[in-house]
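Please open the model in your viewer and have the selection tool ready. The tour moves from whole chains to single residues and back again.

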Amino acid sequence: MGAPLPQKNESQHTPWLYDIDPDDTNWIITSSFMIFTMQTGFGMLESGCVSIKNEVNIMMKNVVDIVLGGLTYWIFGFAFSFGRSPLSNSFISFGDFFTDPSLKDPLKGAIYAAFIFQLSFATTATTIVSGAMAERCNFKAYCIFSFFNTAIYCIPAGWMWGEQGFLKKLGAVDIAGSGAVHLIGGSSALASAVMLGPRLGRYDNGIKSLPLGNPVNAVMGLFVLWWGWLAFNSGSTYGLSGEKWHYAARAAVMTMMSSFGGGTTSLLYSLIKLNGKIDTIDIINGILGSLVGVTAGCFLYQAWEALLIGCIGALLACLFMPLFDKLGIDDPVGASAVHGVGGIWGVLAVGIFAQDPYPLRTTSGRSGLLRGGGWYLLGVQSLACVCLSAWGLVSSMILLWTINKFVTIRMEVHVELLGADLTEHFVRHGNVNVGVSRAISTLG
Amino acid sequence: MGAPLPQKNESQHTPWLYDIDPDDTNWIITSSFMIFTMQTGFGMLESGCVSIKNEVNIMMKNVVDIVLGGLTYWIFGFAFSFGRSPLSNSFISFGDFFTDPSLKDPLKGAIYAAFIFQLSFATTATTIVSGAMAERCNFKAYCIFSFFNTAIYCIPAGWMWGEQGFLKKLGAVDIAGSGAVHLIGGSSALASAVMLGPRLGRYDNGIKSLPLGNPVNAVMGLFVLWWGWLAFNSGSTYGLSGEKWHYAARAAVMTMMSSFGGGTTSLLYSLIKLNGKIDTIDIINGILGSLVGVTAGCFLYQAWEALLIGCIGALLACLFMPLFDKLGIDDPVGASAVHGVGGIWGVLAVGIFAQDPYPLRTTSGRSGLLRGGGWYLLGVQSLACVCLSAWGLVSSMILLWTINKFVTIRMEVHVELLGADLTEHFVRHGNVNVGVSRAISTLG
Amino acid sequence: MGAPLPQKNESQHTPWLYDIDPDDTNWIITSSFMIFTMQTGFGMLESGCVSIKNEVNIMMKNVVDIVLGGLTYWIFGFAFSFGRSPLSNSFISFGDFFTDPSLKDPLKGAIYAAFIFQLSFATTATTIVSGAMAERCNFKAYCIFSFFNTAIYCIPAGWMWGEQGFLKKLGAVDIAGSGAVHLIGGSSALASAVMLGPRLGRYDNGIKSLPLGNPVNAVMGLFVLWWGWLAFNSGSTYGLSGEKWHYAARAAVMTMMSSFGGGTTSLLYSLIKLNGKIDTIDIINGILGSLVGVTAGCFLYQAWEALLIGCIGALLACLFMPLFDKLGIDDPVGASAVHGVGGIWGVLAVGIFAQDPYPLRTTSGRSGLLRGGGWYLLGVQSLACVCLSAWGLVSSMILLWTINKFVTIRMEVHVELLGADLTEHFVRHGNVNVGVSRAISTLG
């Protein structure tokens, strides 16, 4: 925070990212492995939510996210967030491109551990967008998008978490990424959904949500994400040494508490909205919205606060899904509502409820508004929301607009009608009715 | 055990639950994260076992189990098992309702870690019942059941594991919950199956098991449960410090050994019963039965004992499934046989085979009958079985009977015929033949 | 390496396998739990790749692999690799059959931890073969094969990793098993595919790969394997104490780097081969091939080397799949190409690129050819490839030839036509078109 800026040859200063106690490495590395399992969750959730005719295509896009997103994170992503060159500044870092410490570097273990941990975050952020672009984005255009999407994530991640990031210096708090991961992913999802336009025939029968292609897989995806989230939030203490383990355990409890609040709220919401019936996607996205909401301050809350934050996160997700549809923004999995709106709520909630987790310096000693910390923290968190969502929206639009000059981002009509599984991957489904007839309606 | 009862203001006494070495926290928290993945396993197993027309409904019930079961565990469950108020006694504990330690509490980390670990157990216990109630339990009634089901689990968990529990004081041993988790869950499952009655048309063609809706998902669920069980049993050393790591490793080995015995037994059973063919559900439930069987004494056995315990556990599961069907008790996933009968076997097996795991005080220095420890341990374990199964059966019946006064627990006929996926969640399956025609047979 | 051979009564010598620092046990045990999740991945991958009419059968074969393969690993597998009897020699070990240390054994914790870790490797190795035998291997013959398959794996594992193994003594390096696990599994898969012959009608329409029965499940299997692989490779530092954690973190990073290279290569390969379309199985097997490739030397490489190794591993997998088909070798999931050819590449890559991971003694201080280490290491690695593939091929053929004398290893024609799900497990699929019509074509 107020520490002197790191100099390349300054031997005594170790950036927080590499200030890893060997006792902490087990926690950091194991957490990153568990966070990677969230990719399985995103894949199953998204492929379960889309029409059957596109379920394989969206899985392949998730594979591409990891492969190309990971490759670019190595090439420039880590550098833009955490690079240690003297050119690094408050807005973007440089240095450590093609991250590859020498065996003689005493920090090599720390760099590898930090890289794998940050990589697990980065692939999560880039995968969030794939759902919003489902069923109508050209596969090759998506590959190009996936390749450069890393820059959209890693620059604001540097603002928030980098040694010199301007939001970090102002005191913004985003422990496990409600802002840097989810709000960026969600606003990028919103921009993508707008740029692509709705699926053919999407709103022929009003804004009612379309049937999920495979609801069991979608709920399975929720489950996998849920348990992975525990590692995501708990792992963000970045170790267990000293007092950290108290807060790691607290993060796990509050993550679950928030999801209980979110699950209860979305159950009630769905029961009331549908006269006693339950819409699967409301429950899934309600719980995910609550998890996004608690992420920024996962170990800064008491239990009832986490519960309340989850309730509000779920309600926001459930309300904004149909709202976006009313605006004609077709986001097949609801990523904009869950990660975008939920992300804003998560970042703001820190400014409202956060306790100072003494002796940890997470909040630089500050507290939230209701904890008697005054308006400063809430102000900084609000500023972070504005900066992150503006960046996510604008940079995604510029990227997609540019790609569209070279490869049309929207699928050709016949591909969208028949489904990308058949046209892109030679997959014939036994029952392709779901989705095809709807799309064909637009031809009439 | 023989230690003085804890007094509220007694500063020097720390309950075993919070006596956590910081070195142990990594193990406890990581184990709890892995135990939560078992929810994915239960969900896939159950949704794979039921008719396709109900596969989404049972997934949603699994979500509800976690959300409402978790919420009530926070409200009163943890309190009833481990509360530290002076009102706590041998039968029920009080205190620590709405578990939420202050940041000033020096035990806060231990309380959070203990809570997340116990929560992962509690959600497992409450989920076991959902399978037995599948395909015919009204969704709203199930939500209410799920909300209060926590009390059915947490009171006897306090008998077994609480600082003052009467079974604990008598010396009963149940390391990872063959009794407190599985026997309670299984007897509750049996009571629920009895109270609900068989599915429409279930026994029209005799007691032959019905086809699984999605056997691949069911086997996948078995796999996920299998690996989660390693953390369940191994994590129950509650740390790795001192000699604990020897026994954590032993627990993992014995868990696998038991499953090898169980798998081999159920393979042979199925091959013999079916003239050389293999029934998927026999293998799944045989292996699960063996895992339940080894759980209570997972690090108290030699390898051949664990193998034998697995063989018997599997055989019991395979034999009791058709037996319950013969009695007209329709348990769609076999939870009563696997967790109930398997749980009794697991608790008794400790009394027969247990070695004293010196220097750990797990058995208070006692050994099982065949280890020369005499009849005491077996006697106490038998008493535990009687208490736990009686409690599980009676309390579940009272709860369901009470709920039935307000919301009919049985689905309406048309819901059961068409399937709850369609009627409760608007899910249309392409091929709803499985299950509908069977149910309709009862109308003729 | 150059250390004196261990004597049974030599009290001061502890084999490396049991030389476990208590600080390392958390890492070893947790890694083994994560490695077991790879069984879920193999199951879903294989059942997703075969015809729908055999998807349950292949899942059951995966269950059998664990149950019978695990049982025999306990009976004789661990003994053949790591037994401590004086009869042990450079080619096979004896002792510690029915592994079961007494509670008085000071090494008990280490033996249990080593056993569970090695068991997780062994079950992986034996499962690799199941895919190559899919859709036409008699179930009972498969059970017998699975029972004895352990010997095929554990003897060469002893060459490579056992205290006295001749390849280990020569200085061969195979950190996480490109050779001992994957090359053995892959060459065994090749032998099995040859012995069984192609599926009925497989090549009626040329060598084009058959449609996957459930591509979403197949990709899900890839995901689960991918994250499990992190624990596989990272866990192979066998702890985190001292400098090990640097290399554990490095192994994780290089595993991901290799998969990025592999994913990019297979994407490009598929796009070029198919005029801009993507074949799911190419991507899956390309990524798996890259993971196999990096495994032997997972923490011996710089990032660009891991990337390159992944590119080559993926290309080999993609090229050898159709090559084997051209030779009439029908390997339904491509295990021979991925694990066999990929395994050879992985073992050789160490000889080319390896850095000495000082202060670890992994390479006995040697380096690869391009690191200025001369030809020695590459020579030894080449010898290892020859020995391992010869053993895998010959021993598998002898085993299958012998089994065939007692139980015909090939399914009966009607079973193969109708699918083993129906004939062996009474599973009726709604849409059995996939696969049946192809097989029937051979009757015309």
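The stops below concern the interface of chain A and chain C in this predicted model.

**First stop: the two chains.** Select chain A and chain C together. Here 51 residues of chain A are in contact with 49 residues of chain C. Between them the two chains bury about 4200 Å², and carbon and sulfur atoms account for 78% of that area. Now display F33(A), L103(A) and Y112(A): these residues supply 15% of the area that chain A buries against chain C, more than any other three residues.

**Second stop: the polar links.** Select K108(A) and E243(C). The two form a salt bridge, with their closest N and O atoms 3.6 Å apart. Across this interface the rule finds one salt bridge, along with eleven residue pairs in polar contact.

**Third stop: the elements of chain A.** Colour α1 (22-49), α2 (55-82), α3 (108-132), α4 (139-161), α7 (215-234) and α14 (420-425) of chain A; each gives two or more residues to the side that touches chain C. Which of them should be selected next? Choose α1(A), which provides the largest share of that side, 14 residues. Colouring the same side by class shows 29 nonpolar, 17 polar and five charged residues.

**Last stop: the symmetry.** Superpose chain A on chain C. A turn of 120 degrees with a shift of 0.0 Å along the axis lays one on the other with an RMSD of 0.0 Å; this is the relation of a three-fold axis. The copies nevertheless use different surfaces, as 8% of the contact residues of chain A recur in chain C.

Conventions
Residues numbered from 1 in each chain as written. Chains lettered and ligands numbered in written order. Predicted model: local features only at pLDDT ≥ 70, side-chain atom pairs only at ≥ 80, totals over all residues. Heavy atoms only, no water. Contact = heavy atoms within 4.5 Å. Buried area = accessible area lost by both parts, 1.4 Å probe. Salt bridge = Lys/Arg side-chain N within 4 Å of Asp/Glu carboxyl O. Polar contact = N/O pair within 3.5 Å; in protein donor to acceptor, adjacent residues only side chain to side chain. Helix = DSSP H or I, 4+ residues; strand = E, 2+ residues; numbered from the N terminus. Nonpolar A, V, L, I, M, F, W, Y, C, P; charged D, E, K, R; others polar. Least-squares fit on C-alpha atoms with pLDDT ≥ 70 in both.
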